Amino acid sequence: MSAGQVGVGIIGAGVISRHYLQNLTRFPDLSVLAIADLDLERAAARAQEFGLRAMSVRDLLAADDIEIVLNLTIPAAHFDVSLQILTSGKHVWSEKPIALGRRDARTLLDEADRRGLRVGCAPDTFLGGALQTAQRTVTAGRIGAPASALGIMQSPGPEGFHPNPAFYYGPGGGPLLDMGPYYVTALVQIMGAIHRVSAVSSTALPVRRVRVGTDAGTEFDVQVPTEHVGLLEFASGARATLITSFDSGVRRNLLELYGDEATLQVPDPNYFDGVGHIVPLHGEPEEVPAAGSTWGRGVGVLELARSVRGGVPERASGSLAHHVLDVLLGIEEAARAGTTVTIESTVASPLPLDEEWDPTAATLPVSSTPSASSDGSVPPPTAGLGENAGTTVGINP
Ligand SMILES: NC(=O)c1ccc[n+]([C@@H]2O[C@H](COP(=O)([O-])OP(=O)(O)OC[C@H]3O[C@@H](n4cnc5c(N)ncnc54)[C@H](O)[C@@H]3O)[C@@H](O)[C@H]2O)c1
């Protein structure tokens, strides 16, 4: 298939699938067709909610009308599921992290190259108006030369909102691998590749407890550090301090970029919308509202689909996700060994989107296959639908 709407399938019908589907089914360039899960009842329920076909993983991977498959499983399954998607001849969109290790991430990129397929990866928050505006602001020289940055993500941990939180404290989890991708991706987007890291880490509690849902009260082991303090050095010579913690009663999401003329206070990098501030070294602060699309989760899938059709590289690419993973694993290793770790990979900052880039525009011919999103009508935009729009349980607040 090389023209028209892009057929989409989903593996993983958990909490985050609903947030993707609320947006993907409103984008006319996509035709969202089917969903699968190891838990067949979960897949059936989600399929019914959004008018999709519920299928086994095997059948979904064999479906001719599906070109991109979203991998919305837990981090420990990301590599195996993404590899299956590629070997079935389909493009992958993976939730973060792309894999648990560098070699697995590399295997996915090589396999995709070999087959002429794409690997796109979350987060796609950097395609939202807030971070796009931050990138344009810095590129336009409005803070002068960016010399350093500070990122802080502190919370009491996801057990306060997620009904199955154990995976957040297992391989591929912890605040560094769960929330770090939002911050490091934004930093690479705006300040370029990272070439060296050092860090310290700690684990406040060896055991945690589920707090919402049917398993509330159940205890589970914490297998990863729950706080990292990292020092990141960019290839440009700039540096950043990054704190990621699930050990804090105080919730804080902060990203500030320090230039030689002004500081840019960036809106929460876990969202697609928000108002930034330029604070000059000497002078009055100025508000910087988000310009461009503020549609939420799923815009990266759409940008991938349009890039496939246009024969151009996607922005939320596997190479970007691989570099971000390399940095995050470097922070983990630096903390464990008490050394500085050189980051072997590098990547170019993704180009900014046009301010007019519109997810609700129909830029591809509508296919004849009926689907949840191809009835010719696009519901009104739910602008600002971000990470936690519309739900209180199961989504990162
Ligand atoms: N919930 C959030 O706030 C949130 C936000 C952003 C990103 N994410 C990311 O999204 C991913 C999924 O998170 P979630 O909250 O939806 O988790 P979840 O536990 O609610 O759902 C995961 C689903 O994947 C299924 N699954 C696991 N292994 C599978 C396999 N091999 N084949 C088929 N299905 C399989 C499970 O049965 C489950 O239904 C994670 O990588 C997470 O980091 C979650």
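These notes cover two cis peptide bonds, the packing of three helices, and helix α8 in a predicted model.

1. Cis bond at P97. The peptide bond running from K96 to P97 is cis, and its omega is near -5°. P97 sits in the loop that lies between β5 (91-94) and α5 (102-115).

2. Cis bond at P123. A122 and P123 are also joined by a cis peptide bond, here with omega about 5°. The loop that holds P123 lies between β6 (119-121) and α6 (129-139). As background for both bonds, most peptide bonds are trans.

3. α4 against α5. The axes of helix α4 (residues 75-87) and α5 come within 10 Å and cross at roughly 5°. Angles under 35 degrees count as roughly parallel, and α4 and α5 are therefore roughly parallel to each other. On the α4 side the contact is made by F79, S82, L83 and L86, and on the α5 side by D104, L108, E111, A112 and R115. By class, the contact of α4 with α5 has five nonpolar, one polar and three charged residues.

4. α5 against α9. Helix α9 (residues 318-337) packs on α5 at an angle of about 170°, the two axes being 10 Å apart. An angle over 145 degrees counts as roughly antiparallel, which makes α5 roughly antiparallel to α9. From α5, the residues in contact are R102, A105, R106, L108, L109 and A112; from α9 they are G318, S319, H322, L325, D326 and L329. The contact of α5 with α9 divides into six nonpolar, three polar and three charged residues. L108 and A112 of α5 appear in the contact with α4 and again in the contact with α9.

5. Length of α8. Helix α8 (residues 299-310) has 12 residues, so at 1.5 Å a residue it should span 16 Å. The expected span takes 1.5 Å times one less than the number of residues. The end C-alpha atoms of α8 are 16 Å apart, which agrees.

6. Burial of α8. The buried residues of α8 are V299, G300, V301, L302, E303, L304, A305 and R306. The charged residues E303 and R306 are thus listed among the buried residues of this helix. The buried residues of α8 pack against the strands β1 (6-11), β2 (30-36), β4 (68-71), β5 and β6, and against helix α1 (15-24).

7. After α8. G311 follows α8 and has a positive phi, near 65°. Most residues other than glycine have a negative phi.

Methods
Residues are numbered from 1 along each chain as its sequence is written. This is a predicted model: local features need pLDDT of at least 70, side-chain atom pairs count only at pLDDT 80 or more; totals for chains, interfaces and linings use all residues. Helices (H or I, at least four residues) and strands (E, at least two) are DSSP runs, numbered from the N terminus. Axes are lines fitted to C-alpha atoms, for helices over the stretch in contact, and angles run from 0 to 180 degrees between N-to-C directions. Angles under 35 degrees count as roughly parallel, over 145 as roughly antiparallel, 65 to 115 as roughly perpendicular and the rest as oblique. Two residues are in contact if their C-beta atoms, placed from the backbone, lie within 7 Å. A residue is buried if 20 or more other C-beta atoms lie within 10 Å of its own, exposed if 12 or fewer, and partly exposed in between; C-beta atoms are placed from the backbone.
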